[in-house]
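Reader: I am new to this structure and would like a close look at its cysteines. Please start there, and then help me place them in the rest of the chain.

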Amino acid sequence: KNYNIARLCSSTRSKCGYCRGERAYILTTPNPSSSSSSSQTFTQTSPTNSSKAYGLIFDTLSFKDYFSLIDSGWRRSGSHLYKPDNWCSCCP
């Protein structure tokens with residue numbers, strides 16, 4: 001039986017490869033220093049970290065499982081597979 005061997009990477013933020021962070025203004029996050037939810041303020045995301053993704057590095061991966069990941073929205077760069085977090089990125 002063949003097994004896939006993967007290493008989990010943490011989520012990462014980086015400059016968007018499409019707009020280079022020019023659309024970062026559309027992303028806002030709650031400011032943790034706000035005292036109450038009724039007066040909550042939001043902070044704007046920096047252009048240098050406007051794209052968020054989750055990643056895996058595979059040492060071995062079957063063709064069937066590779067295409068299953070690709071078909072479900074994962075992308076590949078060498079042995080690194082990553083899934084963009086479209087809710088937290090400027091260019092979904």
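Author: Let's begin with Cys-90, which counts as buried because its relative accessibility is 0%. Buried here means under 20% relative accessible area, exposed means over 50%, and partly exposed lies in between, using a 1.4 Å probe and protein chains only. What you see is a predicted model, where local features need pLDDT of at least 70, side-chain atom pairs count only at pLDDT 80 or more, and totals for chains, interfaces and linings use all residues. Residues are numbered from 1 along each chain as its sequence is written, while side-chain values use heavy atoms and leave out hydrogens and water.

For the sulfur of Cys-90, the closest cysteine sulfur belongs to Cys-19, at 3.6 Å, which is too far for a bond. Cys-19 is buried as well, with 11% relative accessibility. A disulfide is a pair of cysteine sulfur atoms within 2.5 Å, and the search of the whole structure finds zero of them.

Now for the surroundings. The chain has 92 residues, and 24% of them are buried. About 6700 Å² of the chain is exposed, with carbon and sulfur atoms supplying 53% of that area, as computed by the Shrake-Rupley method with a 1.4 Å probe.

The chain folds into one helix and seven strands, in the order β-β-β-β-β-α-β-β from the N terminus. These are DSSP runs: H or I over at least four residues for helices, E over at least two for strands.

Strand S5 (residues 51-60) is a good place to linger. Strands count as paired if DSSP finds at least two bridges between them. S1 (residues 5-8) runs antiparallel to S5 and is joined to it by four bridges, with Ile-5 partnered by Thr-60. S2 (residues 12-14) is antiparallel to S5 too, over three bridges, and here Thr-12 partners Ala-53. Five bridges link S5 to S7 (residues 80-84), again in the antiparallel sense, and Tyr-54 stands opposite Lys-83 in S7.

The largest nonpolar core holds five residues: Leu-56, Phe-58, Leu-69, Trp-74 and Leu-81. Such a core is a set of buried Ala, Val, Leu, Ile, Met, Phe, Trp, Tyr and Cys residues joined through side-chain atoms within 4.5 Å. Beyond its neighbours within four places in sequence, Leu-69 is in contact (heavy atoms within 4.5 Å) with Phe-58, Leu-61, Trp-74 and Leu-81.
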